[in-house]
Amino acid sequence: MKSYLFQTDRNHNFERKDYCMPRFVYADNAATTRLSEKALSAMLPHFKDVYGNPSSLYRFGQQARSALEEARKAVAACLNVPSEGIFFTSGGTEADNWALRGVYEARKARGTHIITTAIEHHAVAHTAEYLRGQGAEVTCLPVDGTGRVSPDDLRAAIRPDTVLVSIMAANNEIGTIQPIRELAAVAHAAGALFHTDAVQAAGHIPVDAADWGVDLLSLSAHKFHGPRGVGVLYVKKGTPILPVIYGGGQEKGKRSGTENVAGAVGLAAALTEAAGRLDAEAARLTALRDRLIRGLLQIPASRLTGHPTERLPGLASFVFECVEGESILLKLDGCGICASTGSACSSASLDPSHVLLAIGLPHEIAHGSVRLSLGADTTGEDIDYLLQQIPGVIADLRAMSPLWKG
Amino acid sequence: MYSDKVMDHFSNPRNVGEVEHANAVGQVGNPKCGDIMKMTMRIENDVIVDVKFKTFGCGAAVATSSMATEMVKGKTVAEALALTNSAVAEALDGLPPQKLHCSVLAEEAIKSALADYYSRQGIDPVPIVGCSPDCDACGREH
């Protein structure tokens, strides 16, 4: 099979650049995904034909308004909540920022204690850190070796002045899925509100905000084959929350800024498409993922990170001892494989991922992490290719490593 | 992110392995930080006749190791001692700022091997090579 990468010329046209690689395998769907054809065709008219402002009185504006409201209804249906609770944002990061800052600001007179976990995405973790500087007291719950949060730990940490608990539905690095319904019940029993960052979960596992009983939930379109730059914060009716973005009073005064209609329409189309094939796609990806895991665990001194079964269908994450993650990625790139790592060297901070440290991996082992995340385009042949290439890459790097005595 | 030269030295590293009958061995870095470089050399008549490296680390760590071995091979000990981290980085057409420490490690690995060369002959390396980068192992006050 001919494979290729794309390069852009000065006029931003893409041209195919052929490489001598047998295959191109995009295994970084937890980073971002290809826009689905359905989402793209749903969006296109909103860029060039129905470009009115939804806040405008005339019919041309109201046409855009109705597309936006249809999108809101479609998202609400996927999450099993009333559409009044759906607020469009610029993405998952904004949704997470808003949930934490907005609820804290609205409730700080009642209490200033916030609970989160040691494995949250930076969009939650750094916002919690910011709030700590604003006077909040933040408790970070630990996780077990598989990355699971214990409801008992939450019960023990919660206090009368706890105003918000924020726990992610599924982790972006190790794929571990949390028992959100149980955790939300613990928070509610103590009178605290519950937010979940469902950015990695939405479109991949059933996300029923009503059944989970969450007060707030974040998602991001580009993680499920929707466009970048658009997300959602679901806010249950009656939840106290202040805006973080002020302006023209769009989204019922809660999130100002002229609405990204094309983005919202694309998000709704992609989420609807994902929800429609969720069970079949989860089963297909789980089979591919487990074949990949079984195959790569044949590599000596390798281990799976995260939970063996309570994990995202498309996410396989590993550590390989005595090799370093960035080197692995560069070698894989040379084979036409796109993957990611939590290694220090891939970050500006030079610290390995907080998630890998939180599950108890020592620094030296956390440096050798690799995440392979599958998506709608991943095929069995892609898995064959990964299984064919990765063991050789690890062996080559180990041959060069002074730590490897194998 | 990396120059073509860095990628060339990462993809086709020069002088990988361990020199047999080495009379100069140095290792710097630590696994916790995610970089370890080990240099082995055969020095005859004050000339580095052979040098090889083994590195655990990122692309820049491998490339700087490879380039550093190329830059000291066939050189006298005095010439090798004059190798600086910036010369290694320059020879690779530059490194991203957060990766400059890799070139420092490469310079230290060469110096650590040369310090070992002097120690084996009963010569205190510190006045010649400078302070060992491994402060814990050195024990000197300064």
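Start with chain B: select it and you should find seven helices and three strands (helices are DSSP runs of H or I with at least four residues, strands are runs of E with at least two, both numbered from the N terminus). Step along from the N terminus and the elements go α-β-β-β-α-α-α-α-α-α. The radius of gyration of chain B is 14 Å, close to the 14 Å that the globule rule gives for 142 residues, so chain B is as compact as a globular protein of that length. (That radius is taken over C-alpha atoms, and the rule is 2.2 Å times the number of residues to the power 0.38.) Line the view up with the principal axes, and the C-alpha atoms fill a box of roughly 45 × 35 × 25 Å.

A word on what you have loaded: this is a predicted model, where local features need pLDDT of at least 70 and side-chain atom pairs count only at pLDDT 80 or more, while totals for chains, interfaces and linings use all residues. Residues are numbered from 1 along each chain as its sequence is written, with chains lettered from A and ligands numbered from 1 in the order in which they are written.

**Stop 1: B:K38**

Still in chain B, go to strand 2 and pick B:K38. Is this lysine buried or exposed? B:K38 counts as buried, because it has 22 C-beta neighbours inside 10 Å. (Buried takes 20 or more other C-beta atoms within 10 Å of the residue's own, exposed 12 or fewer, partly exposed anything in between, with C-beta atoms placed from the backbone.) By that count, 46% of the 142 residues in chain B are buried.

Now show what B:K38 touches: leaving out residues up to four places away in sequence, the list is A:P402, B:Q27, B:F53 and B:K54. (A contact means C-beta atoms, placed from the backbone, within 7 Å.) Put a distance on B:A113 too: its C-alpha atom is 8.5 Å from that of B:K38, although the two are 75 residues apart along the chain.

**Stop 2: where the chains touch**

A:P402 has already taken you across to chain A, so select the whole contact: 18 residues from chain B and 17 residues from chain A. On the chain B side, helix 1 (4–11), strand 2 (35–44), strand 3 (47–56) and helix 2 (59–72) each supply at least two residues. Strand 3 of chain B gives the largest share, three residues. Colour that side by type and you get eight nonpolar, seven polar and three charged residues. (Nonpolar covers Ala, Val, Leu, Ile, Met, Phe, Trp, Tyr, Cys and Pro; charged covers Asp, Glu, Lys and Arg; the others, Gly among them, are polar.)

**Stop 3: helix 10 of chain A**

Select residues 325–334 of chain A. Eight of the ten residues of this helix 10 are buried, so it is largely enclosed by the rest of the structure. Among the buried ones are A:E326 and A:K331. What covers them? The cover includes strand 13 (337–338), strand 14 and helix 13 (380–400) of chain A, together with helix 1 and helix 2 of chain B. Just after helix 10 comes A:G336, with a positive phi near 85°.

**Stop 4: a three-stranded sheet**

Strand 14 of chain A belongs to an open sheet of three strands, in the order 11-12-14, with antiparallel pairing (strands pair if DSSP finds at least two bridges between them). Strand 11 (302–304) and strand 14 (369–373) stand at the edges with a single partner strand each, so one side of each is left without a neighbour in the sheet. Zoom in on strand 11 and strand 12 (residues 315–320), which pair over three bridges; A:L304 stands opposite A:F318 there.

**Stop 5: strand 7 of chain A**

Finish at residues 162–166 of chain A, strand 7, where five of the five residues are buried. Strand 5 (residues 113–117) runs parallel to strand 7, joined by three bridges, with A:H113 opposite A:T162. Strand 8 (residues 193–197) also pairs with strand 7 in the parallel sense, over three bridges, and there A:V165 has A:F194 as its bridge partner. Follow the chain from strand 7 through helix 6 (residues 180–189) to strand 8, and you trace a right-handed β-α-β crossover (clockwise from the first strand over the helix to the second, with the strands pointing away from the viewer).

Methods:
Contact = placed C-beta atoms within 7 Å.
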